[in-house]
Amino acid sequence: MARRIASSPSLDLVEAAPAPVVVRGPAWDGRYTVLILFLPPALLLFTVFVVVPIGEAAWYSAFSWNGFGKPTNWIGLDNYRFVLETRAFWLALRNNGLIIAVSLLVQLPLALTLALMLAERFRGAVALRMLFFMPYILAEIATGLIFSFVYDGDYGLVASIWRFFGAEAPHLLASTDTAMLAILIVIVWKYFGFHMMLFIAALQGLDKNLVEAARIDGATRGQVLRHVVIPLLYPTIRLSVFFAIIGSLQLFDLVMPLTRGGPADSSNTLVSFLYNNGISRMRVGYGSAVGVILFTICVTFAFTYKRWFMRDE
Amino acid sequence: MNSVETTRPPLDPVVLYKALFLAAIAAFVLVPLLATVLGGFKSLGELRVNPFGLPQHWEWQNYADILFSKRYWQLLRNSLVISTLAVTLTLIVASMAAFAFAHVRFFGSSMLLSYLTLGLLFPAATAVLPLFIKVRDLGLLDTYFGVALPQVAFSLAMSVLLLRRFFKDIPYELLEAALVDGCSYIKFFRYVTLPLSRPILATVGTITFVNSWNAYLLPLVMLNTDELYPWPLGIMVYQGEYSSEWHLILAFITLTILPTIILFIFAQRHIVAGLTAGAVKG
Amino acid sequence: MRLLSKLGLAATAWLLALGAASADTTVKWLHIEVNPAQVKIWEEVARAYEASHPGVKIEMQFLENEAYKAKLPTILQSKDRPNIIYSWAGGVLKAQVEAGVLDDITDQIKGYSDTITPAALAAFARDGRNYGLPIALSQVGFVYNKELMAKANVDPAAIKTWDDLLAAVKALKAAGVTPIVVGGADKWPLHFYWTHLAVRIGGKPAFDAALRGENGGFAGETFQKSGELFKQLVDLQPFQNGFLGFKNPQAVGYFGDGKAAMTLAISSVYNLQRALAADKVGLSEDKIGWFDFPVVAGGKGAPTDTLGGITGWLVTKGSPKEAVDFLKYFISKDVQTRLASGNFIVPVVKGAEAGLNNAFMKRIADNLSKSNYHQNFYDQSLGPSVGRVVNDVSAEIAGGSMNPQDAAKAIEAAWKQGN
């Protein structure tokens, strides 16, 4: 899954060697006008609202502070210890792991299979693509509410299925055993279409000659798929995995309408844990410590992943 | 018997399984959505016994009440204002920066660009508490800008990268010729780069719009007055108020996701293009 | 010259008129009441106040209970904050006073304050200064459905001890009746059990000692035992199917629908269940009853000790003086009598309890007047961050994911961490 509508494997784009125009002569000072006028707005906004807050999070995380006035009660690394001692934090971490596992083991194969089917031209293929993609652009909040109806033990679709078999319906979102499972299903529902689209776009960009050549050499459909198409898709698969993991680390909106992280903190993600335990209790120090931990996980992951899995691109 | 049948091409079982599989997935996607739309047409009593099917009595009242309420339109207006602000600012700020990065060589260019792309690495949530305090100290709590500005800041990285790559594809000779003719960089940006870049601007704009339109966490933290609430916040309040009256909540959900679906139908090209633009660069 | 001065005068008059027009004051009043019948009365009071005070507008805003608690810290920091906010007093109030986000209204309520029950007024004061006014008292106890209790041959009047309650739950289960409904998703309805058990087991001395950090603080014996007894109940699976997913209003509606025999709730549920029942009718007065929270064998608390709330309204920093003026109008003998006679509240204005006209609410009022130790809700009295941990662990015990000892330790750890 990937939470925000995003469009590229991030880091890679920077690497593309820049080939700026080399300008000599009279236009020389025009360059500086551009730099002075065009760069500061972006850099300023980015610094004030992205970089500085991250730095401040590190600073605030050393205080016990309720957000009023200025932080004065310095407690060093205690907030980190408090976070690590909170059982719900480890549950949240486990849940993020579960989301990643489901993304890789269920969502990715599903998306790939569908992409292979729908990349071909047949009547209805485009309509189906769009249909499968649609959940992705719906707001997480709306999706969460829709599924809290679907799962509702009294009114929902699940309830009526159970009633059909004459049993009392379980409240999936209300049990510590099933709440996270229910959320995982919603995650697949919402995000598989995005990954499918990634694969379709990749398939359409494939060199058809390679496939043709293999066919002429007498390879079966299955062999072509296994030995030609899938290997050609590796970059996209790695990209899809990257999005799934980053997306899992940001998941929040979907959890709130479904369970708010409950029951008994069994379905928190790292971000909903941060909201429930930091923001809504106005424990700025504690919440900032969670933020810093999350930040560290994200950055470490991004760099490691890039180094180990995307280096050939 | 058999010989007659075989005059038609036999139904390939692979095709059949494929069709069944696709139908099952389509149902998986569609059923919750249809149940939501139809649920809004039912009474609470009927919803309980018949959550799936078509309503026996079409209750137009649920939808009508919402459509004629000030609340619904206020939520949509707020969302529209915030998203428009975010899109406008993102396009202006990001395209200027992207232009500088694409066409001007200067010391530290690649360093600054790497600095901006740090924004891709972590979600806004990590810094949301300090961000709240920052916005408060700037006096922007409870304003549209308090939500829109952080949104712009967090979408800058992606936007600048996308725009820069597109700008770089504008032929170098064009810029050189223009400069020799005494045209300034700024004029070139205004009269050549921007008009040529409409597709990518539309793509970046659409992505920013959808993200901002759907956002929940930032408005939740930054806004406190319900007159300013965008629709994701408003619908959560609505749900808190009508807790189990699902028929009303479903009607409300339907009407609030409607604009997204309409936008999707008209702008699907840009949305899909936006997400695949970088992915398949090869 | 004369022309000029005339012009000047005219301009001044115009400016003054403008000033007068903009002197219209809006008082923003944020509430969390979900009972439409009660909100309607409030609205009428607000409109009546506007009619008799031209130029003042009372603007009512609503937030759902849990959303309100989660958002309050940020709400108080915004420029455009509401002027009058709901409060349960306690440690949350203390934190707000220390943060300087409330108005000191002591001087404005001089004279008027004598009309209020002193104990209730004191709950909204710190160091002799008043920051808000109480509106109602409440008690936590069991509300039951007579029909369902009879179906299982349980005599509610005979439930005196914790073991009696456990026996009643078993009997109800055996008869196929859902014994208890609770809004577990909101967590605080579950914390009533844990807290009230602590009140019964240790009484006031245990709570005060824990605050001072004596006897192991909140990790001490009293609080471990509360968890253990609560777990005895949980192990019987007394709650409705899916109780951890029910928000409080849903749970109250469930009781109003006649689907569970009991609910441990704030006394106002008596009235609220009707509004939140699916048919908007709920259970009529003769179909429901009340019994006090059972005592615990060997407990140090007195049977008359009560757990409950003192709820009221606070005035936020920088509010117009009309905010306090309106509160005085709103919490007057007239309006309180009216709310009491609708059985919405146990009133705080002296003499207004005469309005109470049914046995149920009279009994609550009577209980409260006899109580020597009225414990405010823990999730409020312990302050915003520790209080929420009490809620967390209560839900964890109920969900079976935490044992009573760890629960008590978690609260003590939070108490030591402070903010």
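Two strands pair if DSSP finds at least two bridges between them. Helices (H or I, at least four residues) and strands (E, at least two) are DSSP runs, numbered from the N terminus.

The model is predicted: local features need pLDDT of at least 70, side-chain atom pairs count only at pLDDT 80 or more, and totals for chains, interfaces and linings use all residues. Residues are numbered from 1 along each chain as its sequence is written, while chains are lettered from A and ligands numbered from 1 in the order in which they are written.

**Exercise 1.** Find the strands of chain C that pair with strand 9 of chain C, and give the sense of each pairing.

Solution.
- Step 1: Strand 3 (residues 84-87) of chain C pairs with strand 9 of chain C in the antiparallel sense, over four bridges. Ser87(C) has Gly312(C) in strand 9 as its bridge partner.
- Step 2: Strand 6 (residues 132-145) of chain C also runs antiparallel to strand 9, joined by seven bridges. Here Gly308(C) of strand 9 stands opposite Gln139(C).
- Step 3: With strand 11 (residues 374-376) of chain C the sense is parallel, over three bridges. Gln375(C) in strand 11 is the bridge partner of Leu307(C).

**Exercise 2.** Decide whether strand 9 (residues 306-315) of chain C is mostly covered or mostly open.

Solution.
- Step 1: A residue is buried if 20 or more other C-beta atoms, placed from the backbone, lie within 10 Å of its own, exposed if 12 or fewer, and partly exposed in between.
- Step 2: Ten of the ten residues of strand 9 are buried, and the strand is mostly covered.

**Exercise 3.** Describe the fold of chain B and how spread out chain B is.

Solution.
- Step 1: Chain B has 14 helices and zero strands.
- Step 2: The radius of gyration of chain B (taken over C-alpha atoms) is 25 Å. The globule rule (2.2 Å times the number of residues to the power 0.38) gives 19 Å for 282 residues, so chain B is more spread out than a compact globule.
- Step 3: The C-alpha trace of chain B spans about 75 × 70 × 30 Å along its principal axes.

**Exercise 4.** State how many residues of chain A and chain B are in contact, and which helix of chain A gives the largest share.

Solution.
- Step 1: Two residues are in contact if their C-beta atoms, placed from the backbone, lie within 7 Å.
- Step 2: By this rule 86 residues of chain A are in contact with 92 residues of chain B.
- Step 3: Helix 2 (residues 28-60) of chain A gives the largest share of the chain A side, 18 residues.
- Step 4: Ala42(A) touches several residues of chain B, including Val93(B), Leu116(B) and Val160(B).

Terms used: Lists of a residue's contacts leave out its neighbours within four places in sequence.
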